[in-house]
Amino acid sequence: MARCKVEQEDWLVVYLKYLLFVFNFFFWVGGAAVLAVGVWTLAEKSGYLSVLASSTFAASAYILGAGALVMVTGFLGFGAIVREDRGCLSTYFCLLLVIFLVELVAGVLAHVYYQRLSDELKQHLSRTVSETYGQPEASDVTASMDRLQQDFKCCGSNSSADWLHSAYVLSPEAEGRRVPDSCCKTVVARCGRRAHPSNIYKVEGGCVTKLEQFLAGHLLLMGAVGIGVACLQTCGMVLTCCLQRRLQLRLQ
C-alpha cells in the first residue's frame, strides 16, 4: 500500500514537471516574441532615430530589457525542472513574481505617461521642422526627416503649412522651395517649389499622427503579448509551488 502511494506521488511529480516544462516553454517563447517585436520596431524604423524623442528610446530599451529578462528566467526554469532543485525552483518563483509585478507597474505607468510621450514627440518633431532641418550641423536629422516623410507619406509636423515659416524654407539653400523635396509624391530636384495637393502629401494631422498610429500599433501588439505572458506567469507560479511542495514531501 505504501509502495503504491510512493509511486502515485512520483507520478504526480512527473506530471507537474511536464506541465511546468510546457508552461516554461511558452513563457520563454513569449519573452522571445516581446524581444523580437522590440528589435523589429527599432530596426525597421532605425532611420528615424534622429527625429524621435528621447523617451521613445527609454520605452524601447525597457521593452527589450523585459524580453531579455523573461528569456533568462525561462532558461533558469528549464534547469530547475530538469534537476528538481528546490533552491532553483524558489529562485524561479521569485523571478516570476518580480517580472509579474514589474509588468503591472509598467502597464500603469504606460497608461499614465502615454500622453506625456505623445506631447514630447509632437514638440520634438515640431522643433525639428521649424529649427533643425536643413542646417549644416544636422545632416543626420535632415536625412531622418526626409525618410520619415517619404515612408509615411506625410509632410510637416502637423501639416505641410509647418514648413512655411521654417528656418530651412526661409534660407537661401531652399532655392524657392515651399516644402522639402521629400514631401513630394514623386521626388525630383526642386519639386518642393509647388505645394499643391496633387504634388505633395497633404495628410490631416501631419507626420505626428502617422508616427502615433505606428507606435500605438506596435504597443498594442507588445501589450497583447505581455498580457499573454502575464497569464502564463500566474499558472507558472502555481505549478512551481505545487512541484516544490511535492518534492519537499518526497524528501520527508
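**Exercise 1. Which residues does Trp163 touch, not counting residues up to four places away in sequence?**

Keep in mind that you're working on a predicted model.

*Solution.*
- Step 1: Pull up the tryptophan and list its partners. Trp163 touches Val129, Tyr133, Met145, Gln149, Cys155 and Gly156, and also Val169, Arg178, Val179, Pro180 and Cys183.
- Step 2: Put this into the wider packing picture. Trp163 belongs to the largest nonpolar core, which has 24 residues. Together with Leu125, Met145 and Leu148, Trp163 touches the most other members of that core.
- Step 3: Ask where the core gets its residues. Two or more each come from α3 (86-132), α4 (139-152) and α5 (206-251). Helix α5 gives the largest share, five residues.
- Step 4: Look for further packing. Another core lies apart from this one, with 18 residues, among them Val13, Tyr92, Val229 and Met237.

As a general backdrop, nonpolar side chains in soluble globular proteins tend to be buried together.

**Exercise 2. Find the disulfides and work out how the bonded cysteines pair up in sequence order.**

*Solution.*
- Step 1: Count the links. You should get three disulfides. The cut-off to apply is two cysteine sulfurs within 2.5 Å.
- Step 2: Take Cys154 and Cys207. Their S to S distance is 2.0 Å, and the link is right-handed, with 100° about the S-S bond. Cys154 sits in the loop between α4 and α5 while Cys207 is in helix α5, so this pair links distant parts of the chain, 53 residues apart. Both ends are out of sight: Cys154 is buried at a relative accessible area of 0%, and Cys207 is buried at 1%.
- Step 3: Take Cys155 and Cys183. Here the sulfur atoms are 2.2 Å apart, and 85° about the S-S bond makes the link right-handed. Cys155 and Cys183 each lie in the loop between α4 and α5, so the disulfide ties together parts that are 28 residues apart in sequence. Both of these cysteines are buried.
- Step 4: Take Cys184 and Cys191. Their sulfur atoms are 2.2 Å apart, and the link is right-handed with 115° about the S-S bond. Cys184 and Cys191 are both buried.
- Step 5: Number the bonded cysteines along the chain and read off the pattern: 1-6, 2-3, 4-5.

**Exercise 3. Why is there no bond between the sulfur of Cys94 and the closest cysteine sulfur?**

*Solution.*
- Step 1: Find the closest candidate. For Cys94 that's the sulfur of Cys241, and it is 9.6 Å away, so the two are too far apart for a bond.
- Step 2: Check Cys241 from its own side. The nearest cysteine sulfur is that of Cys242, 6.9 Å away, and Cys241 is in no disulfide.
- Step 3: Compare the surroundings. Cys94 is partly exposed, with a relative accessible area of 45%. Cys241 also counts as partly exposed, at 37% relative accessibility.

**Exercise 4. Is Thr240 buried or exposed, and which residues is it in contact with, leaving aside neighbours within four places in sequence?**

*Solution.*
- Step 1: Locate the residue. Thr240 is in helix α5.
- Step 2: Read the accessibility. The relative accessible area of Thr240 is 0%, so this residue is buried; the cut-off for that call is under 20%.
- Step 3: List the partners. With those sequence neighbours left aside, Thr240 is in contact with Leu20, Leu89, Tyr92, Phe93 and Leu96.
- Step 4: Tie this back to Exercise 1. Tyr92, one of those partners, is among the residues of the 18-residue core.

Methods: Residues are numbered from 1 along each chain as its sequence is written. This is a predicted model: local features need pLDDT of at least 70, side-chain atom pairs count only at pLDDT 80 or more; totals for chains, interfaces and linings use all residues. Side-chain values use heavy atoms; hydrogens and water are left out. A nonpolar core is a set of buried Ala, Val, Leu, Ile, Met, Phe, Trp, Tyr and Cys residues joined through side-chain atoms within 4.5 Å. Buried means under 20% relative accessible area, exposed over 50%, partly exposed in between (1.4 Å probe, protein chains only). Helices (H or I, at least four residues) and strands (E, at least two) are DSSP runs, numbered from the N terminus. Contact means heavy atoms within 4.5 Å.
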